Amino acid sequence: MTAVRGRRIVVPVGRRAVEFRDGAVARVLESGPHRVRRAHSVVPVVVAERLLAVAPQEVVTAESVPVRVSMALRVRVADPVAYLERAADPDAVVYLAAQVALREVLGGIGIDDLVRRTAAVDGEAIRSRVGPASESVGIEVLTVVVKDVVLPAEIRSAAVGLITAKARGAARLEEARAETAALRALANAGRMLDGSPALARLRMIEATPPGATIVFSDTGR
(Lines give C-alpha, C1' and ligand atoms only; values in the text may rest on other atoms or scores of the structure.)
Protein backbone atom coordinates (compact mmCIF):
# COMPACT_ATOMS: atom_id res chain seq x y z
CA MET A 1 0.00 0.00 0.00
CA THR A 2 1.35 3.42 -0.96
CA ALA A 3 1.35 6.30 1.51
CA VAL A 4 0.06 9.60 0.11
CA ARG A 5 1.26 12.95 1.43
CA GLY A 6 -0.45 16.29 0.83
CA ARG A 7 -2.79 18.93 2.22
CA ARG A 8 -6.04 17.98 0.49
CA ILE A 9 -7.12 14.51 -0.57
CA VAL A 10 -10.29 12.89 -1.85
CA VAL A 11 -11.12 9.38 -0.65
CA PRO A 12 -13.10 7.58 -3.40
CA VAL A 13 -16.33 5.68 -2.77
CA GLY A 14 -15.67 2.13 -1.61
CA ARG A 15 -12.44 3.13 0.14
CA ARG A 16 -11.25 4.48 3.44
CA ALA A 17 -7.99 6.19 4.28
CA VAL A 18 -6.00 5.81 7.48
CA GLU A 19 -4.12 8.94 8.46
CA PHE A 20 -0.85 8.46 10.37
CA ARG A 21 0.98 11.04 12.47
CA ASP A 22 4.52 10.20 13.50
CA GLY A 23 3.85 6.52 12.72
CA ALA A 24 0.72 6.31 14.86
CA VAL A 25 -2.89 6.20 13.68
CA ALA A 26 -4.48 9.66 13.88
CA ARG A 27 -7.87 8.96 12.30
CA VAL A 28 -9.77 7.00 9.65
CA LEU A 29 -11.05 9.10 6.78
CA GLU A 30 -14.40 8.26 5.18
CA SER A 31 -15.16 8.67 1.47
CA GLY A 32 -15.04 12.31 0.34
CA PRO A 33 -12.67 15.30 0.49
CA HIS A 34 -10.38 15.82 3.47
CA ARG A 35 -7.59 18.13 4.55
CA VAL A 36 -4.53 16.61 6.15
CA ARG A 37 -1.31 18.08 7.41
CA ARG A 38 1.61 17.87 5.05
CA ALA A 39 3.66 16.01 7.63
CA HIS A 40 1.01 13.30 7.96
CA SER A 41 0.82 10.22 5.75
CA VAL A 42 -2.38 8.62 4.46
CA VAL A 43 -2.78 4.98 3.46
CA PRO A 44 -5.87 4.07 1.37
CA VAL A 45 -7.78 0.86 2.04
CA VAL A 46 -10.42 -0.74 -0.23
CA VAL A 47 -13.51 -1.51 1.87
CA ALA A 48 -15.92 -2.44 -0.95
CA GLU A 49 -17.13 -6.03 -1.08
CA ARG A 50 -14.94 -8.40 -3.07
CA LEU A 51 -14.48 -12.09 -3.71
CA LEU A 52 -11.67 -14.16 -2.27
CA ALA A 53 -11.43 -17.36 -4.32
CA VAL A 54 -10.03 -20.48 -2.67
CA ALA A 55 -8.32 -22.81 -5.12
CA PRO A 56 -9.53 -26.44 -5.25
CA GLN A 57 -8.50 -28.27 -2.10
CA GLU A 58 -8.13 -32.03 -1.71
CA VAL A 59 -9.99 -32.90 1.48
CA VAL A 60 -10.99 -36.23 3.01
CA THR A 61 -14.58 -37.04 3.98
CA ALA A 62 -15.82 -38.83 7.10
CA GLU A 63 -14.91 -42.16 5.42
CA SER A 64 -11.42 -40.84 4.50
CA VAL A 65 -12.35 -40.61 0.81
CA PRO A 66 -10.40 -37.77 -0.87
CA VAL A 67 -12.46 -35.19 -2.77
CA ARG A 68 -11.54 -31.87 -4.39
CA VAL A 69 -13.54 -28.85 -3.30
CA SER A 70 -13.41 -25.23 -4.46
CA MET A 71 -15.13 -22.28 -2.83
CA ALA A 72 -15.29 -18.50 -2.76
CA LEU A 73 -15.64 -16.05 0.11
CA ARG A 74 -17.45 -12.73 -0.17
CA VAL A 75 -15.53 -10.38 2.11
CA ARG A 76 -15.04 -6.74 2.98
CA VAL A 77 -12.70 -4.74 5.20
CA ALA A 78 -14.61 -3.81 8.34
CA ASP A 79 -11.71 -2.36 10.34
CA PRO A 80 -9.15 -0.51 8.15
CA VAL A 81 -6.75 0.00 11.08
CA ALA A 82 -6.65 -3.70 11.98
CA TYR A 83 -6.35 -4.55 8.29
CA LEU A 84 -3.18 -2.45 8.04
CA GLU A 85 -1.59 -3.23 11.39
CA ARG A 86 -2.42 -6.82 12.41
CA ALA A 87 -0.88 -8.77 9.53
CA ALA A 88 1.44 -8.22 6.59
CA ASP A 89 -1.00 -10.14 4.35
CA PRO A 90 -4.51 -10.12 5.88
CA ASP A 91 -6.05 -11.95 2.91
CA ALA A 92 -3.60 -14.82 3.41
CA VAL A 93 -4.75 -15.12 7.03
CA VAL A 94 -8.37 -15.47 5.90
CA TYR A 95 -7.39 -17.84 3.08
CA LEU A 96 -5.59 -20.19 5.49
CA ALA A 97 -8.48 -20.08 7.98
CA ALA A 98 -10.90 -20.95 5.16
CA GLN A 99 -8.79 -23.95 4.16
CA VAL A 100 -8.71 -25.26 7.73
CA ALA A 101 -12.46 -24.66 8.20
CA LEU A 102 -13.25 -26.52 4.98
CA ARG A 103 -11.29 -29.55 6.17
CA GLU A 104 -13.05 -29.51 9.54
CA VAL A 105 -16.53 -29.25 8.04
CA LEU A 106 -15.99 -31.76 5.25
CA GLY A 107 -14.40 -34.23 7.65
CA GLY A 108 -17.81 -34.71 9.28
CA ILE A 109 -19.74 -35.32 6.04
CA GLY A 110 -20.29 -38.76 4.52
CA ILE A 111 -19.55 -39.50 0.89
CA ASP A 112 -23.19 -40.49 0.31
CA ASP A 113 -24.33 -36.97 1.19
CA LEU A 114 -21.78 -35.45 -1.18
CA VAL A 115 -22.90 -37.72 -4.01
CA ARG A 116 -26.51 -36.63 -3.56
CA ARG A 117 -25.96 -32.88 -3.21
CA THR A 118 -23.19 -30.29 -3.18
CA ALA A 119 -25.20 -28.29 -0.63
CA ALA A 120 -24.24 -30.92 1.95
CA VAL A 121 -21.16 -28.75 2.57
CA ASP A 122 -22.50 -26.06 4.91
CA GLY A 123 -21.09 -22.69 3.86
CA GLU A 124 -22.43 -21.03 7.02
CA ALA A 125 -20.52 -23.53 9.18
CA ILE A 126 -17.34 -22.63 7.32
CA ARG A 127 -18.02 -18.90 7.70
CA SER A 128 -18.51 -19.20 11.45
CA ARG A 129 -15.17 -21.00 11.78
CA VAL A 130 -13.33 -18.42 9.65
CA GLY A 131 -14.89 -15.50 11.55
CA PRO A 132 -12.46 -15.23 14.53
CA ALA A 133 -9.36 -15.23 12.29
CA SER A 134 -10.85 -12.80 9.76
CA GLU A 135 -12.07 -10.37 12.42
CA SER A 136 -8.62 -10.30 14.00
CA VAL A 137 -7.23 -8.75 10.79
CA GLY A 138 -10.17 -6.42 10.19
CA ILE A 139 -11.97 -8.50 7.53
CA GLU A 140 -15.61 -9.52 7.68
CA VAL A 141 -16.62 -12.71 5.84
CA LEU A 142 -20.13 -12.11 4.52
CA THR A 143 -20.80 -15.35 2.65
CA VAL A 144 -19.06 -18.62 1.86
CA VAL A 145 -20.09 -20.36 -1.36
CA VAL A 146 -18.96 -23.92 -2.11
CA LYS A 147 -18.68 -23.98 -5.90
CA ASP A 148 -17.58 -27.48 -6.91
CA VAL A 149 -17.19 -30.85 -5.25
CA VAL A 150 -15.21 -33.24 -7.47
CA LEU A 151 -15.50 -36.88 -6.42
CA PRO A 152 -12.99 -39.62 -7.36
CA ALA A 153 -13.69 -41.29 -10.71
CA GLU A 154 -14.53 -44.59 -8.98
CA ILE A 155 -17.16 -42.92 -6.79
CA ARG A 156 -18.67 -41.10 -9.78
CA SER A 157 -18.89 -44.34 -11.77
CA ALA A 158 -20.49 -46.14 -8.83
CA ALA A 159 -23.00 -43.32 -8.40
CA VAL A 160 -23.93 -43.42 -12.10
CA GLY A 161 -24.28 -47.21 -11.91
CA LEU A 162 -26.54 -46.92 -8.88
CA ILE A 163 -28.76 -44.36 -10.59
CA THR A 164 -28.93 -46.53 -13.73
CA ALA A 165 -29.82 -49.61 -11.66
CA LYS A 166 -32.57 -47.69 -9.87
CA ALA A 167 -33.99 -46.48 -13.19
CA ARG A 168 -33.97 -50.00 -14.62
CA GLY A 169 -35.58 -51.38 -11.48
CA ALA A 170 -38.31 -48.75 -11.65
CA ALA A 171 -38.95 -49.59 -15.31
CA ARG A 172 -39.18 -53.31 -14.54
CA LEU A 173 -41.54 -52.60 -11.65
CA GLU A 174 -43.85 -50.59 -13.91
CA GLU A 175 -43.73 -53.36 -16.52
CA ALA A 176 -44.62 -55.96 -13.88
CA ARG A 177 -47.48 -53.80 -12.65
CA ALA A 178 -48.82 -53.48 -16.20
CA GLU A 179 -48.61 -57.25 -16.74
CA THR A 180 -50.37 -57.89 -13.42
CA ALA A 181 -53.15 -55.48 -14.37
CA ALA A 182 -53.54 -57.18 -17.76
CA LEU A 183 -53.71 -60.64 -16.18
CA ARG A 184 -56.23 -59.43 -13.63
CA ALA A 185 -58.38 -58.03 -16.44
CA LEU A 186 -58.19 -61.34 -18.33
CA ALA A 187 -59.12 -63.29 -15.20
CA ASN A 188 -62.13 -61.05 -14.61
CA ALA A 189 -63.20 -61.44 -18.23
CA GLY A 190 -62.86 -65.23 -17.97
CA ARG A 191 -65.07 -65.32 -14.89
CA MET A 192 -67.68 -63.21 -16.68
CA LEU A 193 -67.66 -65.51 -19.71
CA ASP A 194 -67.95 -68.61 -17.51
CA GLY A 195 -70.95 -67.13 -15.77
CA SER A 196 -72.73 -66.04 -18.97
CA PRO A 197 -72.81 -68.51 -21.90
CA ALA A 198 -74.63 -65.97 -24.07
CA LEU A 199 -71.87 -63.44 -23.53
CA ALA A 200 -69.27 -66.11 -24.32
CA ARG A 201 -70.98 -66.91 -27.62
CA LEU A 202 -71.22 -63.21 -28.51
CA ARG A 203 -67.53 -62.78 -27.81
CA MET A 204 -66.75 -65.80 -29.98
CA ILE A 205 -68.80 -64.36 -32.84
CA GLU A 206 -66.97 -61.05 -32.57
CA ALA A 207 -63.61 -62.81 -32.73
CA THR A 208 -64.51 -65.03 -35.70
CA PRO A 209 -63.02 -63.96 -39.07
CA PRO A 210 -65.51 -62.85 -41.77
CA GLY A 211 -66.93 -65.74 -43.82
CA ALA A 212 -66.31 -68.39 -41.15
CA THR A 213 -69.08 -70.72 -39.99
CA ILE A 214 -69.81 -71.23 -36.32
CA VAL A 215 -71.80 -74.21 -35.06
CA PHE A 216 -73.02 -74.04 -31.45
CA SER A 217 -74.02 -77.11 -29.50
CA ASP A 218 -76.60 -76.96 -26.76
CA THR A 219 -75.09 -79.98 -25.00
CA GLY A 220 -74.64 -79.35 -21.30
CA ARG A 221 -76.62 -76.12 -21.42
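**Close-up views of a predicted model**

**Figure 1. Ala17 and its surroundings.** Let us start with a single small residue: Ala17 belongs to strand 2. The model shown here and in the other views is a predicted one. Is Ala17 buried or exposed? Its relative accessibility is 3%, and since buried means under 20%, Ala17 counts as buried. Setting aside neighbours within four places in sequence, Ala17 is in contact with Val11, Arg27, Val28, Leu29, Val42, Val43 and Pro44. Val46 is 29 residues away from Ala17 along the chain, and the C-alpha atoms of these two are separated by 8.6 Å. Ala17 is also a member of a core of six residues, which includes Val11, Leu29 and Val42 as well.

**Figure 2. Strand 2 and its two pairing partners.** This view stays with the strand that holds Ala17. Strand 2 covers residues 15-21 and pairs with strand 3, residues 24-29, in the antiparallel sense over five bridges. Within this pairing, Val18 stands opposite Val28 of strand 3. The hairpin that strand 2 and strand 3 form has two residues between the strands, and Asp22 takes a positive phi near 55° there. Strand 2 also pairs with strand 5, again in the antiparallel sense, over six bridges. Here Arg16 is the residue to look for, as it stands opposite Val45 in strand 5. A general point helps when following the side chains: in a regular strand they alternate between the two faces of the sheet.

**Figure 3. The salt bridge of Arg27 and Glu19.** Arg27, one of the contacts of Ala17, takes part in a salt bridge too. Its partner is Glu19, and the closest N and O atoms of the two are 2.3 Å apart. How buried or exposed are the two ends? Arg27 has 35% relative accessibility and counts as partly exposed. Glu19 has a relative accessible area of 4%, so it falls under the 20% limit and is buried. In the protein, the count of salt bridges comes to seven, and two others have views of their own below.

**Figure 4. Glu140 and Arg76, a link between strands.** The side chains of Glu140 and Arg76 meet in a salt bridge, with 2.8 Å from N to O. This pair links distant parts of the chain: Glu140 lies in strand 8 (residues 139-150) and Arg76 in strand 7 (residues 66-77), 64 residues apart. Glu140 is partly exposed at 29% relative accessibility. Arg76 is partly exposed as well, with a relative accessible area of 29%.

**Figure 5. Glu104 and Arg129, a link between helices.** Which residue forms a salt bridge with Glu104? The partner is Arg129, and the closest N and O atoms are 3.1 Å apart. This pair, too, links distant parts of the chain, with Glu104 in helix 2 (residues 90-106) and Arg129 in helix 4 (residues 123-136), 25 residues apart. Glu104 is partly exposed, with a relative accessible area of 47%, and Arg129 counts as partly exposed at 41% relative accessibility.

**Figure 6. The largest nonpolar core.** The largest nonpolar core has 39 residues, and those with the most contacts inside it are Leu73, Leu114, Val121, Ile126 and Val130. Among the elements that give two or more residues to this core are strand 5 (41-46), strand 6 (50-60), helix 3 (111-116) and helix 4. Which element gives the most to this core? Helix 2 does, with seven residues. Domain 1 (7-46) and domain 2 (49-151) both give residues to this core, so it lies between them. For a closer look at one member, find Leu73: not counting residues up to four places away in sequence, Leu73 touches Arg50, Leu51, Leu52, Val54, Val94, Ala98, Val130, Val141, Thr143 and Val144.

**Figure 7. The whole protein, for orientation.** To place the close-ups, here is the full model. The protein has six helices and eight strands, and along the sequence they follow the pattern β-β-β-β-β-β-β-α-α-α-α-β-α-α. Of its 221 residues, 30% are buried. The accessible surface comes to about 14000 Å², with 55% of this belonging to carbon and sulfur atoms. Among contacts with a separation of 6 or more, 66% are between residues 24 or more positions apart.

Notes:
Residues are numbered from 1 along each chain as its sequence is written. This is a predicted model: local features need pLDDT of at least 70, side-chain atom pairs count only at pLDDT 80 or more; totals for chains, interfaces and linings use all residues. Side-chain values use heavy atoms; hydrogens and water are left out. Helices (H or I, at least four residues) and strands (E, at least two) are DSSP runs, numbered from the N terminus. Buried means under 20% relative accessible area, exposed over 50%, partly exposed in between (1.4 Å probe, protein chains only). Contact means heavy atoms within 4.5 Å. Accessible areas come from the Shrake-Rupley method with a 1.4 Å probe; for residues, only the protein chains shown count as cover. Two strands pair if DSSP finds at least two bridges between them. A salt bridge is a side-chain nitrogen of Lys or Arg within 4 Å of a carboxyl oxygen of Asp or Glu. A nonpolar core is a set of buried Ala, Val, Leu, Ile, Met, Phe, Trp, Tyr and Cys residues joined through side-chain atoms within 4.5 Å. Domain bounds come from an automatic or database domain assignment.
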